[in-house]
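This report describes how two parts of one protein meet, and then turns to a single residue at that subject's centre of interest. The sequence and model come first.

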Amino acid sequence: MRLSYLGLSFFRNFQSLELRPPLGLVVLYGDNAQGKSNLLEAIILLATTRSPRADAERELINWKAFAEPLPVARVVADVERGLVPVRVEVALRALDSRTAPGREDAVAVEKRFKVDGLPQTASQVVGQARAVLFSTHDVELVGGAPSLRRRFLDIALCQLDRDYMRHLQRYQRVLAQRNHLLRRISQGLARAEELAFWDAELVTHGSAITLGRARFLAELQQHARPIHDTLSRGQNGLGMAYVPGVPGLAADSAEDAGQPFRLALKGAFPREIETGSSQVGPHRDDVHFALGNVDAGVYGSRGQRRTIALALRLAEVRLQASRTGEHPLVLLDDVFAELDAHRRRQVMEAIVGYQQAIVTTTDLNLVSPDLLAGAGVFRMEAGKVMPVTPGYGGTT
Ligand code: ATP
Ligand code: MG
């Protein structure tokens with residue numbers, strides 16, 4: 001997978017930016033707060049239709065655009081898979097620019113997608129440009145909230161499996177509807193029998209999600225273990241355990257995946273009515289990491305958790321490559337600064353084998369000179385990008 005063109009307008013701190021990244025290693029360097037992470041965020045938005053970090057999508061639209069009657073941020077890219085180039089576009093439109101002070105988040109944002117100029121749904125866009133982002137926040141995957149681990153699995157899986165994405169979209173809607181109904185039942189405004197339809201939907205889509213995640217994790221672990229051994233020089237083998245939000249629902253119970261789910265729903269009924277919220281399902285899934293016999297999320301040092309997270313990302317790249325036959329775009333946001341020399345070298349060795357990797361850094365000295373010699377280097381300053389290597393066409 002290769003990104004041959006990226007165009008941004010009124011996205012984050014960019015007013016207008018065009019970048020033509022070469023194959024192989026691309027290095028974006030610049031001081032803090034120049035737009036390096038924003039640029040990688042735009043690529044992830046294209047790949048997944050979501051921002052990896054924004055709480056509200058209106059944050060993605062350049063502040064200056066809000067002076068316009070119709071504030072719109074656009075991200076356009078040409079991606080090449082094999083020999084076929086595809087143009088992918090995302091437009092984010094703020095539906096109401098009259099923001100009350102302190103209520104900016106209330107601005108609704110409408111997302112529109114195009115593939116090769118034709119309007120498409122989000123699920124048609126995901127998977128067109130596959131990307132894996134390494135970020136300094138990845139360390140939180142190991143010890144942080146379970147929702148971060150679910151999000152990690154979902155972002156990786158949606159890019160690989162369109163059916164998975166449809167189940168996930170459907171599940172989220174069903175969950176919201178079902179919770180609404182549970183609250184109405186507990187208030188005496190609806191009857192318990194009305195749950196039957198939503199229960200069936202929950203079981204269908206929820207089982208598909210949990211089974212998809214469990215299979216993915218098993219495969220990921222195959223790749224992550226040897227990588228982790230190399231990164232940590234063979235200390236304490238990495239273990240990963242999938243903890244499904246429906247007890248007993250795991251990859252090898254595929255006979256009738258719905259059975260344990262239906263049983264769990266029955267058992268949870270009184271509590272669901274009491275709390276007015278769904279108590280079992282993949283929205284409660286989690287993943288536990290262990291080093292030897294020790295729970296890494298609880299006892300792992302920061303360095304150990306960071307190494308696990310790094311192994312996970314490198315494994316994700318390998319898994320995507322093995323499932324699709326080509327490497328995803330590999331994006332590394334500022335990760336060299338926090339790695340020791342051994343791990344940094346391991347990551348750089350991996351990068352050499354990738355079709356295209358975009359790396360951001362504040363310090364070019366962190367990239368080894370031999371890698372830098374073959375790289376396309378761009379300097380980022382105040383939302384503009386300038387080529388440093390002669391012959392590469394980055395413009396403002
Ligand atoms: P660092 O080295 O500190 O990680 P960076 O180059 O990665 O810096 P970014 O996170 O990309 O920096 O952010 C660059 C700037 O973009 C920040 O100063 C931020 O305030 C600004 N910014 C974020 N959202 C918007 C927006 N919607 N409109 C305008 N500017 C924005
Ligand atoms: Mg940054």
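## Where the two domains meet

About 2300 Å² of area is buried between domain 1 and domain 2, and carbon and sulfur atoms give 53% of it. The model is a predicted one. Domain 1 covers 1–130 + 328–396, while domain 2 covers 138–327. Their C-alpha centres are 28 Å apart. To the contact, domain 1 contributes 30 residues and domain 2 contributes 24 residues.

Between domain 1 and domain 2 there are 12 residue pairs in polar contact. On the side of domain 1 that touches domain 2, four elements each supply at least two residues:

| Element of domain 1 | Residues |
|---|---|
| Helix H1 | 36–48 |
| Helix H2 | 122–125 |
| Strand E12 | 329–333 |
| Helix H10 | 341–352 |

H10 gives the most to this side, with five residues. By type, the residues on this side of domain 1 are 13 nonpolar, 11 polar and six charged.

Two salt bridges are found across the interface of domain 1 and domain 2.

## Arg306

Arg306 lies in helix H9, which spans residues 302–324. Is Arg306 buried or exposed? Its relative accessibility is 19%, so Arg306 counts as buried, the cut-off for buried being under 20%.

Arg306 forms a salt bridge with Glu338, in which the closest N and O atoms are 3.4 Å apart. The side chain of Arg306 also reaches the backbone oxygen of Glu338, at 3.2 Å. Leaving aside residues up to four places away in sequence, Arg306 touches Val139, Glu338 and Leu339.

Key: Residues are numbered from 1 along each chain as its sequence is written. Chains are lettered from A and ligands numbered from 1 in the order in which they are written. This is a predicted model: local features need pLDDT of at least 70, side-chain atom pairs count only at pLDDT 80 or more; totals for chains, interfaces and linings use all residues. Side-chain values use heavy atoms; hydrogens and water are left out. Buried means under 20% relative accessible area, exposed over 50%, partly exposed in between (1.4 Å probe, protein chains only). A polar contact is a pair of N or O atoms within 3.5 Å; within protein, one must be able to donate a hydrogen and the other to accept it, and residues adjacent in sequence count only if both atoms are side-chain atoms. Contact means heavy atoms within 4.5 Å. Domain bounds come from an automatic or database domain assignment. Buried area is the accessible area (1.4 Å probe) that two parts lose on being put together, summed over both. A salt bridge is a side-chain nitrogen of Lys or Arg within 4 Å of a carboxyl oxygen of Asp or Glu. Ala, Val, Leu, Ile, Met, Phe, Trp, Tyr, Cys and Pro count as nonpolar, Asp, Glu, Lys and Arg as charged, and the others, Gly among them, as polar.
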